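Thanks, everyone. I'll keep this short. Please look at the structure first, and then we'll walk through it together.

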Amino acid sequence: MMRSGKRRVRALGVLVLGCAVVWGPGCKKEAPAAVASLDAGVAPAAVAVRDAAPVAEVRKPLRFSDVTFLSKDDDLKVSYTLTNPGTAQGRGEACLWLHDDKGEVIEALKLGVFSLKGGTSDTFQDAATVARTFWKQARSVRLFTTVGDCKRSPPQATSEVLHVLPTGQPVPPGGPAPRNVVAAQPADFALSNVELNRDEAGTAYSITYTVKNLSGRRASGTACLRAYTGEGCPCHIEETPSGEFSLPPGGSELITDTILFDDEKHWDDVKVLRLFATSKGCANAADATNVGFKVDKPDAFRDPREFIDVAGEPELDPDNPDAVVDVPDELPVEQDEPYSDSPEDTGH
């Protein structure tokens, strides 16, 4: 965050100056002098002193300007200036919504928190994680501030809502009106071609699957992979997010994601895995309406650390006795020659 220093001069300085004129140095009101004899026909001057009333704080919507976006891989950097035209302190969260070519929301994100004094401007630089496929589908961006949740729909904006292109330029008139967030339902997604994969060294696992949007509108969500010790076990011993997606109506996507367990030893106990597709991923619990796509774990999928020896080298795979691990031959150790400083040896 960089402070711009664009601060307005408050009326406080004027009040202090006026105070000095009326009451003199220190703005302290002196006791009235003793009343002298009045000349006949002369009335004392009446001076009325009013206490200054407190200035009421004025809240006005904040304004965005000078917006720039920089996208690389799954990282999005956003720079913008916020202006607080009121006198009240502005606090809250800065939010970003991505919209597709029909104005539907691809993703709603929180950029960061802010605090901005009344009558000032400030420049902010925030970073967010945005999937490359999401940014490629985005045709416009909405920016606003809120004191609530950035994903709440409709947004409770405490600022003017800025609608710009991914280049940061204003959206030209005549385009589709931006819509609000519509939460996806489990029935919106269909999973197929789910496969568990293991690398050649047996030290890393991944999952590949196809997800399709069955609804008539855009549907965004996250997959969650849950691992069970048996088919009838009601509780999972591991769960991990496994890819996120935002699909237009009828759209599908092939996704591959690494599987990371909190405790890799659980691979030895897992018998069944289920892949769920929901709007909130692992934040949604499994229920009768979303039982997930069942995958039986291959017996060869065990604790990946079993295949790493103490030196960090892959060991022989016990399931494949013929596997050979190439071990480089050790180079012969050269022995240093004895040190000598004689003229014959040094040449001096």
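Salt bridges first: the count comes to nine. Keep in mind that this is a predicted model.

Take one pair. Glu93 and Lys110 meet through their side chains, at 3.4 Å from N to O. Glu93 sits in strand 4 and Lys110 in strand 5, so the bridge ties together parts that are 17 residues apart in sequence. Is Lys110 buried or exposed? Neither, quite: Lys110 has 46% relative accessibility, so it counts as partly exposed.

Now a longer link along the chain. Glu231 forms a salt bridge with Lys294, and their closest N and O atoms are 3.1 Å apart. Find Glu231 in the loop between strand 11 and strand 12, and Lys294 in strand 15, residues 293–296. This pair therefore ties together parts that are 63 residues apart in sequence. Glu231 is partly exposed, at 45% relative accessibility. Lys294 is partly exposed too, at 38%.

Lys294 has another partner. Its side chain meets that of Asp296 in a salt bridge, 3.8 Å from N to O. Asp296 is exposed, because its relative accessible area is 51% and the cut-off for exposed is over 50%. Put the shared partners together, and Glu231, Arg274, Lys294 and Asp296 join into one network.

Next, the inside. The largest nonpolar core has 26 residues. Which of them touch the most other members? Phe69, Tyr80, Leu96 and Leu98 do. Two or more residues each come from strand 2 (63–72), strand 3 (75–83), strand 4 (90–99), strand 5 (105–116), strand 6 (120–129), helix 2 (132–137) and strand 7 (140–146). Strand 5 gives the largest share, five residues.

Zoom in on Leu96. Leaving aside neighbours within four places in sequence, its contacts include Phe69, Leu76, Val78, Leu109, Leu111, Val141 and Leu143. Glu107 and Arg142 are also among them.

Apart from this core lies another, of 25 residues. Phe189, Ala219, Ala223 and Val295 are among its members.

Last stop: the largest pocket. Its volume is about 560 Å³. It is lined by 23 residues, and the closest to its centre are Ala108, Lys151, Val181, Ser220 and Ser279. Strand 5 supplies at least two residues of the lining, and so do strand 11 (219–228) and strand 12 (238–247). What classes make up the lining? There are 10 nonpolar, five polar and eight charged residues.

That's the tour. Thank you.

Technical notes
Residues numbered from 1 in each chain as written. Predicted model: local features only at pLDDT ≥ 70, side-chain atom pairs only at ≥ 80, totals over all residues. Heavy atoms only, no water. Core = buried A, V, L, I, M, F, W, Y, C linked by side-chain atoms within 4.5 Å. Buried < 20%, exposed > 50% of the residue type's maximum accessible area, 1.4 Å probe, protein only. Helix = DSSP H or I, 4+ residues; strand = E, 2+ residues; numbered from the N terminus. Contact = heavy atoms within 4.5 Å. 1 Å grid on protein atoms, 1.4 Å probe; cavity = no way out; pocket = protein on both sides within 12 Å on 5 of 7 lines; lining within 4 Å. Points joined across faces, edges and corners; volume = space filled by probe spheres on them. Nonpolar A, V, L, I, M, F, W, Y, C, P; charged D, E, K, R; others polar. Salt bridge = Lys/Arg side-chain N within 4 Å of Asp/Glu carboxyl O.
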